[in-house]
Amino acid sequence: MEFSINSDLSENVAYNHPLFPAYVKKGLLSTYPNYSAVSHWHDDLEMNILIKGSMDFNVNGEIVKLKRGILINGRQLHFGFSKSRQECEFLCILLHPGLLCANDWFRSRYVVPFLTQKMPPYLILSDEVPWQCDITKTASTLFTGKECELSPFSAQESFFRIFELLYQNLSGEAVPADNEQLECMRKMIGFIQKNYCDSISLEQIARAGECCKSKCSSLFKSHLSQSPNQYLIAYRLNKSIDLLLGTTQTVTEIAFASGFRGSSYYCEAFRRHFGLSPREYRKLKK
């Protein structure tokens, strides 16, 4: 997924249509370093629906195994991965809550109270639960019709149907995530994503989260099961793939553009995570 960073350090998602906040795309887990996406967050609700294979998901540090799919509330730290490096084909769907806000009354009466008080950080979707099966089927139709001129109509219609199913079946107050720790992680991850091209120290990352270096490392370990430096390298590798496949830049140029301080270290890190050199990867994927 291609994105830039907003002023609040959330992702600015590259939607299918720039002026319509919906993103629908097929993905393969093998396209990510070590078969693991990088942790990220955004205001959009996100659904990942399995097509083939299996995947685990990390949401705010809690690891869950997907049966059919997952729906993640906005502003949650999350990423999919396979510790055993197994392939998984999936649909990734992002829908911004603004699509639901037909007017201020509907927004304040239904959308905001539900998403902030009743919608949990995530919901595992199973085909064995009829209303959850309905959600996955409704969401899946967004991919088949995404190239249609009238796809924004069907996307908005589908999102209202999904929201209605959630509203009908999720009652009571949701258990909130630890907002203090999450906010700290959001700031540190946002800092890395915004400054990955530069030389970044552990002290700078910790300062961005307004915490000490020890707490910084501890939060990354508990939420992402990796160190801040491991996250930084994985993020740089992800950005380098965009350049490998989308430009004609040399490997050395891509190494420096992605924040690595030399092509040798870049190639070594790339091979360690992908089992191929950058040149071999570019040749294989193009």
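# Notebook: one cavity, two sheets, two helix crossings

**Entry 1: the cavity.** I began with the lining of the largest cavity, where β3 (22-28) and α3 (151-169) each supply at least two residues. The model I am reading is a predicted one. Which element gives the largest share of this lining? I found that α3 does, with four residues. I then looked up the volume of the largest cavity, which is about 110 Å³. In total, 12 residues line this cavity. Closest to its centre are Ala22, Val24, Lys146, Ser151 and Ala155. I sorted the lining by class and noted six nonpolar, five polar and one charged residues. I also checked how many cavities of 30 Å³ or more the structure holds, and the count is one.

**Entry 2: the five-stranded sheet.** Strand β3 came up again here. I traced an open sheet of five strands in the order β3-β9-β4-β7-β10. The pairing is antiparallel. Which strands stand at the edges? They are β3 and β10 (122-125). Each has a single partner strand, so one side of each is left without a neighbour in the sheet. I noted the turn between neighbouring strands too: on average it is 15°, direction ignored.

Next I picked one pair inside this sheet. Strand β4 (residues 45-53) and strand β7 (residues 69-72) run antiparallel and are joined by four bridges. I followed one residue across: Asn48 has Ile70 in β7 as its bridge partner. I wrote a general reminder beside this. In a regular strand, side chains alternate between the two faces of the sheet.

Then I asked what lies across these strands. Helix α2 (residues 130-144) lies across β3, β4, β7, β9 (88-95) and β10. Against β10, helix α2 runs at about 90°.

**Entry 3: the three-stranded sheet.** I found another open sheet, with three strands in the order β6-β5-β8. Its pairing is antiparallel. At the edges stand β6 and β8 (78-81). Each of these has a single partner strand, so one side of each lacks a neighbour in the sheet. Neighbouring strands here are turned by 25° against each other on average, direction ignored.

I looked closer at β5 and β6. Strand β5 (residues 56-59) pairs with strand β6 (residues 62-65) in the antiparallel sense, over four bridges. Phe57 has Val64 in β6 as its bridge partner. For Val59, the partner in β6 is Glu62. How many residues lie between the strands of this hairpin? There are two. I checked the backbone there and saw that Asn60 takes a positive phi near 55°.

**Entry 4: α4 with α6.** I moved on to helix pairs. The axes of helix α4 (residues 179-195) and helix α6 (residues 213-224) come within 11 Å and cross at roughly 100°. That makes α4 roughly perpendicular to α6. I listed the residues that meet. From α4 they are Gln181, Leu182, Cys184, Met185, Met188, Ile189 and Ile192. From α6 they are Cys216, Leu219, Phe220, His223 and Leu224. By class, this contact has 10 nonpolar, two polar and no charged residues.

**Entry 5: α7 with α9.** How do helix α7 (residues 228-246) and helix α9 (residues 263-274) cross? Their axes come within 11 Å and cross at roughly 95°. Helices α7 and α9 are therefore roughly perpendicular to each other. On the α7 side I wrote down Ile233, Leu237, Ser240, Ile241 and Leu244. On the α9 side the contact is made by Tyr265, Tyr266, Ala269, Phe270, His273 and Phe274. I sorted these by class as well: nine are nonpolar, two are polar and none is charged.

Terms used:
Residues are numbered from 1 along each chain as its sequence is written. This is a predicted model: local features need pLDDT of at least 70, side-chain atom pairs count only at pLDDT 80 or more; totals for chains, interfaces and linings use all residues. Side-chain values use heavy atoms; hydrogens and water are left out. Axes are lines fitted to C-alpha atoms, for helices over the stretch in contact, and angles run from 0 to 180 degrees between N-to-C directions. Angles under 35 degrees count as roughly parallel, over 145 as roughly antiparallel, 65 to 115 as roughly perpendicular and the rest as oblique. Contact means heavy atoms within 4.5 Å. Ala, Val, Leu, Ile, Met, Phe, Trp, Tyr, Cys and Pro count as nonpolar, Asp, Glu, Lys and Arg as charged, and the others, Gly among them, as polar. On a 1 Å grid over the protein atoms alone, a cavity is a set of points where a 1.4 Å probe fits but cannot get out, and a pocket is an open set with protein on both sides within 12 Å along at least five of seven lines; lining residues have an atom within 4 Å of a point. Grid points are joined across faces, edges and corners, and a volume is the space filled by probe spheres set on the points. Two strands pair if DSSP finds at least two bridges between them.
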